[in-house]
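Let's take a walk through a protein structure together. Have the sequence and the 3D view ready, and we will look at how two chains meet.

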Amino acid sequence: MAAAAAVLRAPSSKTESYVDTKRRDDVRQANIIAASAIADAVRTSLGPKGMDKMISSANGEVIITNDGATILNKMEVIQPAAKMLVDLSRSQDAAAGDGTTTVVVLAGSLLKRSLSLLSAGVHPTAVSDALHRLSIRAVEVLHSMAIPLDLSNRDALVKSAATSLNSKVVSQYSSLLAPLAVDAVLSVVDPAQPDIVDLRDVKIVKKLGGTVDDTELVKGLVFDKKVSHSAGGPTRVENAKIAVVQFQISPPKTDIEQSIVVSDYTQMDRILREERNYILGMVKKIKATGCNVLLIQKSILRDAVTDLSLHYLAKAKILVVKDVERDEIEFITKTLNCLPIANIEHFREDKLGFANCVEEVSVGDGKIVKITGIKDMGRTTTVLVRGSNQLVLDEAERSLHDALCVVRCLVNKKFLIAGGGAPEIEMSRQLGAWAKELKGMESYSIKEFAEALEVIPYTLAENAGLNSIAIVTELRNRHAQGEINSGINVRKGQITNILEENVVQPLLVSTSAITLAAECVRMILKIDDVVIVR
Amino acid sequence: MVVQNARLLKDEATEEKGDRARMASFVGAMAIADLVKTTLGPKGMDKILQSTGRGHSVTVTNDGATILKSLHIDNPAAKVLVDISKVQDDEVGDGTTSVVVLAGELLREAEKLVNKKIHPMTIIAGYRMAAECARSALLQKAKDNKQDPDTFKSDLMKIAMTTLSSKILSMDKEQFAKLAVDAVLRLKGSTNLESIHIIKKVGGSLKDSFLDEGFILDKKIGIGQPKRIENAKILVANTAMDTDKVKIYGARVRVDSMAKVAEIEGAEKDKMKDKVQKIINHGINCFVNRQLIYNFPEELFADAGVLAIEHADFDGIERLALVTGGEIASTFDNPESVKLGHCKLIEEIMIGEDKLIHFSGVEMGQACTIVLRGASSHVLDEAERSLHDALCVLSQTVNDSRVLFGGGWPEMIMSKEVDELARKTPGKRSHAIEAFSHALQAIPTIIADNAGLDSAELISQLRAEHHKEITNAGIDVISGGVGDMEKLGISESFKVKQAVLLSATEAAEMILRVDEIITCAPRKREDRM
């Protein structure tokens, strides 16, 4: 007995053909398990009937969302491999803007399959190479399924934006938000460079109050600020001449330290008078150019406006919006087609922007400033999002951002693909068939991974409360008969031609999901040690 | 009475002698070698480096130098290995893992010999002879194709692909090899990698990376300024463009009326205006400043139609000055003494979601920018490290154009020669020489092991193959057998292999010579409890 134990305990002799890989396998397994746990956490939020997550952060703030990227960002993950999955969802957000949950669920499923492959004795690099080949092939399959799209076909764009919105909290408003997103993106596309959309040209302004129904696209500019009318200035100006100023209308202040020495009472009067004259002089210069709306940049060095200057400006019937952030200046000047003015000496008429109407509108519990009818407006647009509480408002903004990204994807890569799990099943079917033509480990691995892709339709059906096995097997059957566009119709709870149901998504979302997930899984597979460093 | 055991050392200082000291060095060095061993070769694995510092940032890498650089190490011998890997990185850029593994294997063999009661000095003497012999074997087999530009270029491609095949970029190695070769050939023989600028942008995939023959600055153009300039004259400066403050502490002015304050403010504005005017008087149409440019001067520049870029980082402006042929200026009184930079075209381009400024047709033709795209910052960082290795190796190869085959071929050649030397050498040294040959064979063994191949079988096949007079046999990791390295196009730079051989031998020698370790007493800290 003792002898047998001694044999077992003896260090495994390091012969040339046998290498002890226990620790490496352990590390790999731990990584894979941690990463799949992350994937499981967001799995239930996939699809139109996916559930939401409530995240309460350390400082008591609560967020309700089913946006994968947001959930993962807020989770404080420490395990390094799990962190990579969080990064993965962030990358998908950057690349396509939508499908952030899909990509994580896909990666989780691929990881689970690789674990079983590894325990079957396939070398990690062989698994990794197989995965790479699979992802290339999968993209080919997706391309063959894609439907080219013409940008003038507004309906198709709206449909795909609606598919993205349908899985969100605000899904009941998709009929309103989808066309809005499409119009917003199309209006910032520069005809000279039709493939590039800079989403920074679409500004989203959130305002509490009202319902999501009241969300609107404003052809012009919206500030989430009040007009400064403490001195009774105008709140509505027609035929506005707008100046964006970067200087301050307040008593002078030098960069060098300065002090005014007052030695007697009469001097005090004089100083007050001088201050008044100084500001009056500035206001007169402004008025002389015909300007009647001032947007003043926030200043940390001194007051941008004082009560006194507001008073004079009000007298001169000039509408003032103060505390404009410096970051916003570029967007504003681009929209208004004017130039910022950094010094009173340079206040000339040719630097002003023109608009039909500038007015303060009260919405909900606050007020906003709207500038509409801008002359020679730049290619920008503003969306005013409304919501009955902060949570809905934030989620609406995130959903709208996703929808905007979807439309942007379509502008970049003008192809559509069916939704509802159809592309995944088709990939799984075609890749499974391909695996049979291959040999060895590769064939074995690709077969496993092809099956892993079915996780998306499974999860879709499961989240919708359907019998997932029945649904997925029927789906497989339909695809085998050549109906490549059949997918899960979650509303009706059955398999239908998903294109007829208008469930479509951009090709870019699907291709980037599969390539990014594959890349991430390959990276995790190649890790065999975790080293603690400084 | 004589005091026995007079204490030589301080309280907490410790001393280890003889066998124990040697043992401690061996164990430390081998542990380090074993740690990075699995990253060797085209099928090597990666490591996660988890930082214990703030943020617990995570790095994924298989670059030996990066792994070793960031380790906590206490063992002095292990530190020597970390150092040689660093030196290898600085000198030739690649082979950082190989050098550590080879040194580790040399020590492993030496340990066996020491246990057989062979004196370390005898081992060192044997190792030296063996290293010399191995080097001359390499020299004989090295090929030089410098005369034939086409073959030379294809050699470079092969080297780049071999280097990249062990990295994350392996799947797109052809593209990146071409990219690296093009970039290095532009340098025309200089090893100054400064003028190759690598920009990383998250998004897209590695395939979207590209080489640009200009210079790209990751900054924005000021508002209202031209977005495109042809035949630009560039002034690169490091000057305050917010306020020209008096730098005397406590300087202040006293006035007795508001109007005076306004005057001073006006004077300050005028001063700035003067400065801007002076800058514009240089006849420039592009101004790049390292410091902030405030709204007021920005507007003045916009009025003058000058493109002003603020807050360019230190690296950025030095490189920009270098590639455009200008000099960094900080005073503007003598326009004739300031050297301006020139380029054909400045324009704004968009990469991914970000806008960048592109300078093309720059003065220094060597300069170029490589834009890397990738799924996440991990991928990008690792891609940059890999590309940097490839660039280093290539720039070294351009100077020393001798080329060897890869895939364990040079090790087998050396091992064979060293074995023959062992047979000819009488005395104990021959044991050491034989051990050296064993250590050399360990490298192909590890490459095979990492790829999950049967190393014992492969190495014996390889050895048999190498017994023939002329052979190109090496390990073909992809097919899992012995293959012809020439046909597979696996090449390595002679300089890298030589550096690996020599510095690994030197490091092993240094550690072998140690017979006493004295740990100094740690400096006492104030007890803050």
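What follows is a short tour of the contact between chain A and chain B.

This is a predicted model, in which local features need pLDDT of at least 70, side-chain atom pairs count only at pLDDT 80 or more, and totals for chains, interfaces and linings use all residues. Residues are numbered from 1 along each chain as its sequence is written, chains are lettered from A and ligands numbered from 1 in the order in which they are written, and side-chain values use heavy atoms, with hydrogens and water left out.

How confident is the predictor? The model has an ipTM of 0.74 and a pTM of 0.78. For chain B, the mean pLDDT (the predictor's confidence in each residue, from 0 to 100) is 81, and 91% of the residues reach 70 or more.

Now look at where the chains meet. Chain A and chain B each bring 71 residues to the contact (heavy atoms within 4.5 Å). About 6,600 Å² is buried between them, with 56% coming from carbon and sulfur atoms; buried area is the accessible area (1.4 Å probe) that two parts lose on being put together, summed over both.

Two salt bridges cross this interface (a side-chain nitrogen of Lys or Arg within 4 Å of a carboxyl oxygen of Asp or Glu). One of them joins B:K47 to A:D528, with the closest N and O atoms 3.1 Å apart.

Strands take part too: β8 of chain A (residues 257–260) pairs with β9 of chain B (residues 252–255) in the parallel sense, over four bridges. Strands here are DSSP runs of E, at least two residues, numbered from the N terminus, and two of them pair if DSSP finds at least two bridges between them. Try finding A:S259, whose bridge partner in β9(B) is B:R254.
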